[in-house]
Amino acid sequence: MRRTSQINRRLRAIFVIVACLSLGCSIHPVQMVVVNGERLEDRADIRLIRPNDKEHSTEDIRNGNWNNGGQLSEDSGQGSRCFVRYHPSYSQNHWMVVEGTLGNGRKYPVVLDTGATPGLFVNDIHILENNLAIYPLNRNNNSVGWGICHLPGLRIGKVTFADWPCFYREQHTEITVFGLGVKKGNAIIAGLPALRRFKYIVFDSVNKEVEFSLEKTFEPGRSDLWVQYAFVIEEGFGGNAFLFVNIPIAGEETELQLDTGSGKGLAISQELWEEIRGRIRNVKLRKSTDMYPYIGRLACRQGAVAKLEVGNRIVRNAEISVFPDDSLLMEKCRGLLGMQYFRDTVIVLDFERNLMWVKNPPNR
């Protein structure tokens, strides 16, 4: 049944493409959009978590400790490591993503996103498909609804997230072809408050594999193959967390928020661009917009640098997006560092030592 509906959607998309081409449509053929869902708490089939609910505790929610609850466990005991292949969506988005399985057996992409401040985050699609119990926190009819939900245990490889308060938002992304929605964004987000519970996480974009460890300390082996960059984690309201790494850009040490949930390059403020532009040659910026899920399309200027020095590595065709200083994206930082610059290497987030390790080619 599901396969039939997918085929029908593809056929409709092809029909729309042909029709638009014949009419000379000038709209963008393929783009990502943010779609607002309906008010979930008004639906009779959606369960609500009550303040005195015996099955789902609301104590952490009422105390503002939204990201401090929950358990992490490994099947094979302490000290073991867990290896998980990248999810197929990596080839399109180049974000750090694996496959996860809910307690009811449903499988979803799970983005391992240091740029996300909640521990776990889902959207309205997950609520509806899994009949999740919700605790609404925003009852303003003029804005997008959000709240906390109960997520059945989320399993990634041999690791299980259990009893973790999970944020939800009543909207999702969609890929559209000439305005027709053909694919809904159904990725679960595992944000920094969850990721930092591991001793370390390895993102191996050469072998397309992630390595987790809850107990074992990261051992780099040959030290000449690695470069270290210190990072700090700053905490905000409700346990929200932000990871800032100090890494040289074009030869000058720069503090950037690390965003493993983005496959893009640098996203920086106009102020920071003015500071580094003199060290970057032959780059032309053009007016554009960039899409950020749950924020929307943001105005910016974009370009690419033929060769950009990032740390002690040279990145070719390095993407740069420059945003106004008052852009929503720049509220907590002056710039974000995405994964485009690390597609050909291995990076390690060593939460035990507060270090980011970047692997060099063996011949360096």
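Tutor: A residue is called buried when its relative accessible area is under 20%, and exposed when that value is over 50%. Please keep in mind that the structure above is a predicted model.

Student: Is C333 buried or exposed under that cut-off?

Tutor: C333 has a relative accessible area of 10%, and it is therefore buried. C300 has a value of 6%, so C300 is buried as well.

Student: How many disulfides does the model contain?

Tutor: The test rests on a pair of cysteine sulfur atoms lying within 2.5 Å. By this rule the count is 0 disulfides.

Student: Which side chains of strand β3 point to the buried face?

Tutor: In β3, residues 81-85, the side chains alternate. C82 and V84 point to one face and are buried, whereas R81, F83 and R85 point to the other and are not.

Student: Which strand is joined to β3, and in which sense do the two run?

Tutor: In general, the strands of a sheet pair through backbone hydrogen bonds, in either a parallel or an antiparallel sense. Here β3 is joined by 5 bridges to β16, residues 209-213, and the two run antiparallel. Within this pairing, the bridge partner of C82 is F212 in β16.

Student: What is the strand order of the open sheet of 3 strands?

Tutor: The order is β1-β12-β13, with antiparallel pairing. Its edge strands are β1 (30-36) and β13 (180-184), each of which pairs on one side only. On average, neighbouring strands of this sheet are turned by 45° against each other, with direction ignored. β12, which covers residues 171-177, pairs with β13 over 4 bridges, and I175 stands opposite K183 in β13.

Student: Which strands are joined to β23, and are they parallel or antiparallel to it?

Tutor: Two cases can be set side by side. β20 is joined to β23 (residues 313-323) by 4 bridges and runs parallel to it; in this pairing I268 stands opposite V322. β22 (residues 296-310) is joined to β23 by 9 bridges and runs antiparallel to it; here L308 stands opposite V315.

Student: What is found between β22 and β23 in their hairpin?

Tutor: The hairpin has 2 residues between its strands, and G311 takes a positive phi near 65°.

Student: Which residue other than glycine has a positive phi near 55°, and where is it placed?

Tutor: The general expectation is that most residues other than glycine have a negative phi. D163 has a positive phi near 55°. D163 is placed in the loop between β10 (159-162) and β11 (165-169). With a relative accessible area of 60%, D163 counts as exposed. N282 also is not a glycine, and its phi is positive, at about 50°.

Student: Where is N282, and is it buried or exposed?

Tutor: N282 lies in the loop between α6 and β21. Its relative accessible area is 75%, so N282 is exposed. G278 is placed in the loop between α6 (270-276) and β21, and G278 is exposed too, at 73%. The C-alpha atoms of G278 and A250 are separated by 9.5 Å, the two residues being 28 residues apart along the chain.

Student: How many cavities of 30 Å³ or more are found in the whole structure?

Tutor: The idea is to roll a probe the size of a water molecule over the atoms, which shows where empty space is left. A search of the whole structure finds 2 cavities of that size. The largest holds about 50 Å³ of space, and the second largest about 40 Å³.

Student: Which residues line the largest cavity?

Tutor: The lining includes D259, K264, D290, Y292 and S321. β20 (266-269), β21 (286-292) and β24 (335-337) each supply at least two lining residues. By class, this lining has 5 nonpolar, 4 polar and 3 charged residues.

Student: Which residues line the second largest cavity, and what are their classes?

Tutor: Its lining consists of L120, L151, P152, G153, L154, F161, A162, D163 and W164. By class there are 7 nonpolar, 1 polar and 1 charged residues. D163 thus appears in two readings: D163 belongs to this lining, and D163 has the positive phi near 55° discussed above.

Key:
Residues numbered from 1 in each chain as written. Predicted model: local features only at pLDDT ≥ 70, side-chain atom pairs only at ≥ 80, totals over all residues. Heavy atoms only, no water. 1 Å grid on protein atoms, 1.4 Å probe; cavity = no way out; pocket = protein on both sides within 12 Å on 5 of 7 lines; lining within 4 Å. Points joined across faces, edges and corners; volume = space filled by probe spheres on them. Nonpolar A, V, L, I, M, F, W, Y, C, P; charged D, E, K, R; others polar. Pairing = 2+ DSSP bridges. Axes fitted to C-alpha atoms, helices over the stretch in contact; angles between N-to-C directions. Buried < 20%, exposed > 50% of the residue type's maximum accessible area, 1.4 Å probe, protein only.
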